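The following exercises are to be worked through with the coordinates at hand. Each task is followed by a stepwise solution.

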Amino acid sequence: MVKGDLSHSRSIRCVAGVTFPFKREPTDPTILHIFARHLKEPRHAIWAWFNGQAIWSEEFERFECQAQGTGLYWAWLDYEQAVVLVISCFDLEGA
């Protein structure tokens with residue numbers, strides 16, 4: 001279960017039928033968090049989700065994924081409806 005306010009999210013539905021809500025930056029809701037903090041765009045996060053290997057983090061209650069130099073933190077908002085919350089997307093150090 002994902003906790004927190006999702007009122008400032010933006011969703012993108014891709015061809016495969018998965019919906020990806022993206023958290024917006026709290027200080028400027030016109031900007032996505034992944035862009036404000038890491039200069040990443042939705043296409044980077046979606047690509048990493050489809051191409052990476054996900055591992056569940058019990059400590060943070062999220063999935064952590066890596067794909068060719070890109071890190072992704074995500075969680076299911078609704079598994080049956082295929083809604084994936086993008087928590088963060090970033091370059092991996094040394095990649």
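Two strands are taken to pair if DSSP finds at least two bridges between them. The model is a predicted one.

**Exercise 1.** Determine in which sense E4 and E5 pair, and describe the connection between them.

*Solution.* Step 1: five bridges link E4 and E5, and the sense of the pairing is antiparallel. Step 2: the two strands form a hairpin, with four residues between them. Step 3: within the turn, glutamate 61 has a positive phi of about 50°.

**Exercise 2.** Characterise the surroundings of serine 57, and decide whether serine 57 is buried or exposed.

*Solution.* Step 1: serine 57 belongs to strand E4, which covers residues 53–57. Step 2: the relative accessibility of serine 57 is 11%; the limit for buried is under 20%, so serine 57 counts as buried. Step 3: across the pairing, serine 57 stands opposite arginine 62 in E5. Step 4: leaving aside residues up to four places away in sequence, serine 57 touches Arg62 and Glu64. Step 5: the side chain of serine 57 also reaches the backbone nitrogen of phenylalanine 60, at 3.3 Å.

**Exercise 3.** Identify which residues touch the most other members of the largest nonpolar core, and which element gives the largest share.

*Solution.* Step 1: the core has 18 residues, of which Phe20, Phe22 and Leu72 touch the most other members. Step 2: two or more residues each come from strands E2, E5, E6 and E7 and from helix H2. Step 3: the largest share, four residues, comes from H2. Step 4: leucine 72 has contacts that include Ala45, Trp49, Phe63 and Phe90.

Definitions and conventions
Residues numbered from 1 in each chain as written. Predicted model: local features only at pLDDT ≥ 70, side-chain atom pairs only at ≥ 80, totals over all residues. Heavy atoms only, no water. Buried < 20%, exposed > 50% of the residue type's maximum accessible area, 1.4 Å probe, protein only. Polar contact = N/O pair within 3.5 Å; in protein donor to acceptor, adjacent residues only side chain to side chain. Contact = heavy atoms within 4.5 Å. Core = buried A, V, L, I, M, F, W, Y, C linked by side-chain atoms within 4.5 Å.
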